[in-house]
Amino acid sequence: MPLPRLQVVGGETERLLYQVGWGLEIERCRGTVANDQRTGTGFDNRILLCPGVGDHLVMLNGLLRPLVHRAWSAMVAQLNGLDESRLESFLFGTDRIALAAVRPGLLDMQDGRCFYCGGALGQSAEVDHFIPWARCPDNGIENLVVADTGCNGAKRDFLAAAGHVRHWRERNVTRSTALAAIAGAVGWETHADETLGVARGLYLRLPLGARLWLRGPDFCPPDPEGLRETLA
Ligand SMILES: [Zn+2]
């Protein structure tokens with residue numbers, strides 16, 4: 001329902017972001033929608049982005065996502081009389097305690113070493129989202145690595161450099177069975193293809209002048225050819 005409303009400016013529909021094949025009348029056509037959800041027939045339910053919109057959404061993701069989360073939480077909290085900050089972390093936060101479930105398995109797979117620097121991990125090993133949670137909330141096992149607090153703290157919400165991406169992709173390909181076993185043992189989510197799709201969406205559309213996290217305080221420019229090859 002919201003889609004036909006979102007591009008209405010001053011009473012006129014301005015298709016600046018996308019085209020959809022239905023209008024406000026959809027509200028009175030619940031039967032048609034329900035039928036389409038059941039049978040996959042009935043009406044054209046595709047959302048067709050205008051040229052360039054997809055790339056810009058990816059590029060602005062880091063800015064847009066927190067704003068959308070914030071506005072959405074504020075609205076839901078207001079409608080239900082809830083505490084906004086708690087609701088936001090419930091809806092969009094990561095659950096550190098839950099991540100601990102896959103830590104031993106990943107630690108074992110990495111021979112007790114930090115994914116990024118290879119240093120020995122002690123008690124301080126932390127589960128890190130390779131594609132940062134702030135860029136895309138993906139808790140799938142393929143997106144998780146174990147890192148020491150130094151690397152994890154320095155990487156924060158930055159995208160990792162091409163060398164790390166190669167290492168990560170190789171792990172996901174060569175250790176896919178072991179990853180599935182870790183996930184299976186604790187009932188964790190696994191969706192290798194989706195996670196790879198997200199990595200492609202982010203890494204193959206990096207803006208000019210992007211900087212990727214290398215180590216500690218160091219960043220480097222992307223290596224577009226290497227990244228294309230790695231993520232092919
Ligand atoms: Zn490290």
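**Core first.** I went straight to the largest nonpolar core of this predicted model. It has 33 residues, and Leu106, Val145, Val146, Ala147, Ala160 and Leu202 touch the most other members. I then looked up which elements feed this core: strands S6 (144–147) and S7 (212–215) each give at least two residues, and so do helices H8 (162–174), H9 (176–186) and H10 (192–203).

**Leu106.** I picked this one from the list of best-connected core members and asked what it touches. Leaving out residues up to four places away in sequence, I found Leu106 against Val127, Leu144, Val145, Val146 and Ile182.

**Strand S6.** Three of those contacts, Leu144, Val145 and Val146, made me check which way the S6 side chains go. Leu144 and Val146 point one way from the strand, Val145 and Ala147 point the other way, and all are buried. I noted the textbook pattern beside it: side chains in a regular strand alternate between the two faces of the sheet.

**S6 and its partner.** Next I checked how strand S5 (residues 126–129) sits against S6. The two run antiparallel, joined by 4 bridges. Val127, already on my list as a contact of Leu106, stands opposite Val146 in S6.

**Helix H9.** Ile182 was the other name I wanted to follow from the Leu106 contacts. Which residues of H9 are buried? I get Leu179, Ile182 and Ala183. Down the helix axis these fall within an arc of 95°, so they line one face of H9. My margin note: with 3.6 residues a turn in an α-helix, residues three or four places apart point the same way. On the other side of H9 I found Thr177, Gly184 and Ala185 exposed. Helix H6 (103–109) and H8 are among what covers the buried residues of H9. Just after the helix, I saw that Gly187 takes a positive phi of about 65°.

**Stepping back.** I finished with the whole chain. I count 11 helices and 8 strands in its secondary structure. Buried residues are 20% of the 232 in the chain. Taking contacts between residues at least 6 apart in sequence, I see that 62% join residues at least 24 apart. Along the principal axes, the C-alpha atoms fill a box of roughly 60 × 40 × 35 Å.

**Domains.** The division I looked up gives domain 1 (1–50), domain 2 (53–93) and domain 3 (95–230). How many Å separate the centres of domain 1 and domain 3? Over C-alpha atoms, I have 37 Å.

Technical notes. Residues numbered from 1 in each chain as written. Predicted model: local features only at pLDDT ≥ 70, side-chain atom pairs only at ≥ 80, totals over all residues. Core = buried A, V, L, I, M, F, W, Y, C linked by C-beta atoms within 7 Å. Buried ≥ 20, exposed ≤ 12 C-beta atoms within 10 Å, placed from the backbone. Contact = placed C-beta atoms within 7 Å. Pairing = 2+ DSSP bridges. Domains from an automatic or database assignment. Arc of directions from axis to C-beta.
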